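Hello,

Here is the structure I promised to pass on, with my notes underneath. Have a look at the model first and then read on.

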Amino acid sequence: MSRVAIIGAGASGLVCAIEAARKGLHVTLFEKNAKVGRKILATGNGKCNISNEKISLERYHGESVNFAKEALRRFDTLTCKAFFRSLGLEIREGEEGRLYPMSHQASSVVDMLLHEVRSLHVNVLLDSEVTKIETKDAAFVLHVNAQTYVFDACVIATGSVAMPNLGSSDSGYRFAQSLGHSVIAPYPSLVQFVCDEPHLREVSGVKMDANVELYVEHQKCQSVQGDLLFTAYGLSGSTILDLSRNASHASVHHQSVHVMLDLLPDLSREALSSLLQKRLSVAKDKSLALWLEGLIPKKLAHFIIDYTKITHLKEASSLGTKEIKKIVFALKALRLHVKATKGFESAEVCAGGVDVREIDAKTLRSKTIENLYFCGEVLDIDGDCGGFNLHFAWASGYLAGQSLK
Ligand SMILES: Cc1cc2nc3c(=O)[nH]c(=O)nc-3n(C[C@H](O)[C@H](O)[C@H](O)COP(=O)(O)OP(=O)(O)OC[C@H]3O[C@@H](n4cnc5c(N)ncnc54)[C@H](O)[C@@H]3O)c2cc1C
């Protein structure tokens with residue numbers, strides 16, 4: 001019976017261990033943390049957006065994204081649901097096809113996976129950080145806590161460098177390189193923006209439905225409508241996370257990035273302009289801020305007044321056509337310079353990773369080293385927000401586990 005080492009007891013490593021053990025292989029799972037699945041516990045704000053009803057290749061990215069096709073075909077949404085139900089986990093559907101555990105708790109997902117791993121007699125070694133992998137006579141020698149272990153096959157399921165406070169590290173990339181594989185430089189994705197607009201602090205905590213356009217080197221490159229959250233440092237919310245891959249890529253390549261916010265996307269500029277003109281009839285003795293507050297959140301009203309530099313006008317009734325135009329412009333085309341993203345520390349995932357052109361897409365086996373496999377986010381495949389990243393982690397873990405010999 002083949003002795004298999006899986007490095008990393010996260011989403012991909014746990015599923016890989018289950019599939020390999022179900023085949024009767026002798027599996028040892030190494031985890032550097034004191035517990036398995038620490039990142040899974042943080043997913044979906046603790047509710048774990050496990051997958052999505054609308055899994056398709058278009059929701060994934062990477063330099064050779066077609067690589068993901070086979071894993072997604074073998075482990076589609078139906079297979080994903082069946083897999084988790086086989087562990088005893090019920091699934092519910094949320095907004096935009098997002099799938100969650102019925103319990104609303106990420107811990108249920110980890111508990112079910114761990115129970116299955118244990119009942120299949122997988123040897124789970126916690127507090128066991130693999131520091132080096134050597135190949136010797138067609139075997140893998142793993143260095144862990146001043147000891148060495150020998151295996152016939154090895155799976156690298158170490159995840160990416162996103163959010164190091166959850167235990168993420170670059171060890172998977174280092175192992176891959178030490179074994180002759182190439183790594184496409186990782187950069188943060190699904191991450192917030194840092195902006196340098198001085199008055200942004202005033203509007204911190206305001207959440208709106210907005211249309212956000214991303215400009216790289218002054219060229220519009222993406223547009224998204226949905227949640228936008230103003231924060232003390234800049235911008236967050238689903239729109240920003242969706243734009244962040246392109247913004248982050250531009251930022252690491254020293255290109256200029258800015259966003260254009262339409263804070264009232266349901267009103268055209270003309271409609272907003274005539275609404276504001278009409279609202280002058282209810283201006284009476286209202287201050288500018290109070291008058292705007294009847295239309296937009298209070299904090300945003302103050303921000304718009306500062307941004308448009310019309311603070312000298314104390315009363316709304318003194319607004320002229322020029323000022324109305326400025327307000328319309330600020331609400332429909334608010335331009336903010338993006339200084340940076342919040343980086344790996346805050347990113348949910350990494351773009352880049354182990355170059356998949358050197359890995360067989362049908363088995364996830366290295367094309368150059370016999371019995372070496374990769375799965376999960378360590379690979380140069382990343383997905384959109386909405387359950388797509390966990391889905392790829394499960395799917396690639398499943399495929400690697402089934403391919404192991
Ligand atoms: C805050 C947050 C929220 C998220 N929410 C969602 C969501 O709701 N839906 C979604 O689809 N995706 C979400 N993601 C992304 C998703 O969690 C990851 O894409 C997924 O966990 C990747 O799985 P993985 O197995 O590749 O890596 P991980 O789950 O990170 O597992 C890798 C494991 O390897 C271990 N390890 C690393 N190096 C070593 C070593 N040298 N020796 C031993 N062990 C090692 C790590 O400690 C870790 O446990 C979120 C991510 C974050 C950070």
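Let me start with one residue: Ser-248 sits in helix α7 (residues 238–252). Helices here are DSSP runs of H or I with at least four residues, strands are E runs of at least two, and both are numbered from the N terminus. Ser-248 counts as buried because its relative accessibility is 2%; buried means under 20% relative accessible area, exposed over 50%, and partly exposed in between, with a 1.4 Å probe and protein chains only. Its C-alpha atom is separated by 12 Å from that of Gly-352, although the two residues are 104 apart along the chain.

Before you go further, please note that this is a predicted model, in which local features need pLDDT of at least 70 and side-chain atom pairs count only at pLDDT 80 or more, while totals for chains, interfaces and linings use all residues. Residues are numbered from 1 along each chain as its sequence is written, and side-chain values use heavy atoms, with hydrogens and water left out.

As for the overall picture, the chain has twelve helices and 21 strands. Its C-alpha atoms fill a box of roughly 85 × 40 × 35 Å along the principal axes, and buried residues make up 56% of the 405 residues.

Now to the ligand. It is surrounded by 34 residues, and the closest are Ser-12, Glu-31, Gly-44, Glu-377 and Leu-390; a residue is near the ligand if one of its heavy atoms lies within 4 Å of it. Three contacts involve oxygen atoms of the ligand:

- A polar backbone atom of Gly-44 is 2.9 Å from a ligand oxygen.
- A polar side-chain atom of Glu-377 lies 2.6 Å from a ligand oxygen.
- A polar backbone atom of Leu-390 is 2.6 Å from a ligand oxygen.

A polar contact with the ligand is a pair of N or O atoms within 3.5 Å. Taken alone, the ligand exposes 1000 Å², and the protein buries 95% of that (accessible areas come from the Shrake-Rupley method with a 1.4 Å probe). The elements that give two or more residues to the shell are α1 (11–22), α2 (38–42), α6 (171–178) and α12 (388–403). Helix α12 provides the largest share, four residues. By type, the shell holds twelve nonpolar, 16 polar and six charged residues. Here Ala, Val, Leu, Ile, Met, Phe, Trp, Tyr, Cys and Pro count as nonpolar, Asp, Glu, Lys and Arg as charged, and the others, Gly among them, as polar.

The aromatic residues are worth a look too. A search of the whole structure finds ten aromatic pairs; rings of Phe, Tyr and Trp (its six-membered ring) pair if their centres lie within 6.5 Å, with planes under 30 degrees apart counted as stacked, over 60 as edge-to-face and the rest as tilted. Phe-83 and Tyr-398 have ring centres 6.3 Å apart and planes at 90°, so they are edge-to-face. Because Phe-83 lies in helix α4 (residues 77–86) and Tyr-398 in helix α12, this pair ties together parts that are 315 residues apart in sequence. Both residues are buried, and they form one aromatic cluster with Phe-75, Phe-84 and Trp-394.

Phe-303 and Tyr-307 make a stacked pair, because their ring centres are 5.7 Å apart and their planes at 25°. Both lie in helix α10 (residues 298–307), four residues apart, about one turn of the helix. Phe-303 is buried at 0% relative accessible area, whereas Tyr-307 is partly exposed at 24%.

Best wishes

Notes: Polar contact = N/O pair within 3.5 Å; in protein donor to acceptor, adjacent residues only side chain to side chain.
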